[in-house]
Amino acid sequence: MKLILSFITLALLAVSPARGESVDSLKICMQAGDSCMREFNTFEALKYFRQAYKMVDNRDVRLKLADCYYKRANYGRAAELLKNVPEDSLSHESFRQLALSYQKQGDLDSYIYWATQLVERYPMDGEIVAGLTLALAQKNQPEKGLTYGLNYSLKDLNNIMVNRAIADAYFLKRDFIAASIWYEQLMEQDDSTFNTIYSAGMCFAQNQDLNRAYKYLQLAMVKSGMQHFGCAYRLGIVCNDLHSYDEGLGYLDLALEIQKPDTAVMKAITLSQGEAYYLTKQYAKAVEAWKRHLEYNPGSVATYYNIASAYYYFLDDSQQSKAYLERFLQVARKEENPTPQLKDMIEKSEKLLRTTNFGSKAKPKRK
């Protein structure tokens, strides 16, 4: 039945007149879009609401189309449609979508403006109050942000989102005593997220309350699966300040281990850097990049050869060239099945070492 209805709707739309000329076509379009939205089919709904918008640009069509865009994460289009609707014509949900569209795009200034308007109308919208509190703190206006959060908390002291925002705003304000009070209150309210526990530990560390700093940082470290660099580092410092040096060194060693870069990624980056520098005739930088590559890939036969060649032909450093040719041969001769190209490189290197006076100042230049 739905399939038949869809075909009929599409047929009617195919012959629909221009905007404003057919109320019936507009009604069919809107009903079809609403039906798709009830089925969570935003893909089809978008087609119908776009068609309706071509017919007429009014509040109802804009809100439907904006809602569809918002639910498809097209926040730019949603905001563009909603910001031109008079504020007193926006539903609470549409107003939220307008503010949150800017937040999700990282446009804090626009988010703050629209969230402020929204909170004036709906002061108990905890999610928006929390977002506004934190956004203002991030824009170096923590006092203003705290005004919204603390006013809300006078009526509702158990909203975890708002309480987190208040705690984080105090943290950004560097009022670590106040922040620690709010973080502990959050944990009493069963907020056991890593950020809350870690931030509490950081606050107590800043306040030199080392025992409580240790307690919460250790809890946060376990919460992170022992994989958070900053937590391991701070915990190591706190342990040392508590004269638990062996434990502190253990956490600092762990921090170094966590901070190690991904070997596969660093291999690829340093190799590409070396090639790019070489091709742009920045030979000294190419050599530096290739040497870093060898730290992650010491068995890279071609890299030793490339460094030796760069030193010999372009950087006028015969001693370094000789050293890297010898290292190249040490690695290359271990290859069980050398390719024809590698055999050629080995032969050229052996000949160069036999026939060249590496103490000579004169070096041939590669053409």
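**Group meeting: helices, a pocket and some aromatic pairs**

I'll begin with Asn-306, which sits in helix α18. A word on the source: this is a predicted model. Asn-306 has a relative accessible area of 28%, so the residue falls in the partly exposed class. For a sense of distance, take Asn-306 together with Ile-177: they are 129 residues apart along the chain, and 58 Å separates their C-alpha atoms.

A second pair of that kind starts from Ala-289, in helix α17. Ala-289 has a relative accessible area of 0%, and is therefore buried. Between Ala-289 and Asp-241 there are 39 Å in space, C-alpha to C-alpha, for a separation of 48 residues in sequence.

The third pair leads into the pocket. Gly-131 belongs to helix α8. Its relative accessibility is 12%, and the cut-off for buried is under 20%, so Gly-131 counts as buried. Gly-131 and Ala-115 are 8.1 Å apart in space, C-alpha to C-alpha, with their positions 16 residues apart in sequence.

Now the pocket itself. What volume does the second largest pocket have? The value is about 240 Å³. Its lining is made up of 14 residues. Those that lie nearest the centre are Gln-103, Glu-127, Ala-130, Gly-131 and Leu-134. So the Gly-131 I just described as buried is one of the residues nearest the centre of this pocket.

Which elements give two or more residues to that lining? They are α6, residues 92–104; α7, residues 108–121; α8, residues 126–138; and α10, residues 160–172. Of these, α8 gives the most, with six residues. By class, the lining has eight nonpolar residues, three polar and three charged.

Next, the aromatic residues. How many aromatic pairs does a search of the whole structure find? The search finds 16. One of them is Phe-229 with Tyr-233, a stacked pair with 6.2 Å centre to centre and 10° between the planes. Both residues lie in helix α14, which covers residues 229–241. They are four residues apart there, about one turn of the helix. On accessibility, Phe-229 is at 33% and so is partly exposed. Tyr-233, at 35%, is also partly exposed.

Compare the geometry of Tyr-313 and Phe-314. Their ring centres are 6.5 Å apart and the planes are at 55°; stacked needs planes under 30 degrees apart and edge-to-face needs over 60, so this pair is tilted. Phe-314 has a relative accessible area of 23%, and so is partly exposed. Tyr-313 and Phe-314 are also members of one aromatic cluster, together with Tyr-278, Tyr-283, Trp-290 and Tyr-312.

There is one charge-over-ring case to mention. Arg-327 lies over the face of Tyr-324, 4.5 Å from the ring centre.

That leaves the loops. Ser-300 is in the loop between α17, residues 283–296, and α18, residues 301–313. Is Ser-300 buried or exposed? Its relative accessible area is 12%, so Ser-300 is buried. The Ser-300 side chain makes a polar contact with the side chain of Thr-303, at 2.5 Å.

Two other loop residues have backbone angles that I would point out. Asn-140 has phi near 60°, a positive value in a residue other than glycine. Asn-140 is in the loop between α8 and α9, the latter being residues 142–153. At 69% relative accessibility, against a cut-off of over 50%, Asn-140 counts as exposed.

Lys-281 has a positive phi as well, near 65°, and is likewise a residue other than glycine. Where does Lys-281 lie? Lys-281 is in the loop between α16, residues 263–279, and α17. With a relative accessible area of 63%, Lys-281 is exposed.

To recap, α8 is the element that gives the most residues to the lining of the second largest pocket, and Asn-140 is in the loop that runs between α8 and α9. Further along, α17 holds the buried Ala-289, with Lys-281 in the loop between α16 and α17 and Ser-300 in the loop between α17 and α18. Helix α18 is where we started, with Asn-306.

Key. Residues numbered from 1 in each chain as written. Predicted model: local features only at pLDDT ≥ 70, side-chain atom pairs only at ≥ 80, totals over all residues. Heavy atoms only, no water. 1 Å grid on protein atoms, 1.4 Å probe; cavity = no way out; pocket = protein on both sides within 12 Å on 5 of 7 lines; lining within 4 Å. Points joined across faces, edges and corners; volume = space filled by probe spheres on them. Nonpolar A, V, L, I, M, F, W, Y, C, P; charged D, E, K, R; others polar. Phe/Tyr/Trp six-rings, centres within 6.5 Å; stacked < 30°, edge-to-face > 60°. Buried < 20%, exposed > 50% of the residue type's maximum accessible area, 1.4 Å probe, protein only. Lys NZ or Arg CZ within 6 Å of the ring centre and 35° of its normal. Polar contact = N/O pair within 3.5 Å; in protein donor to acceptor, adjacent residues only side chain to side chain.
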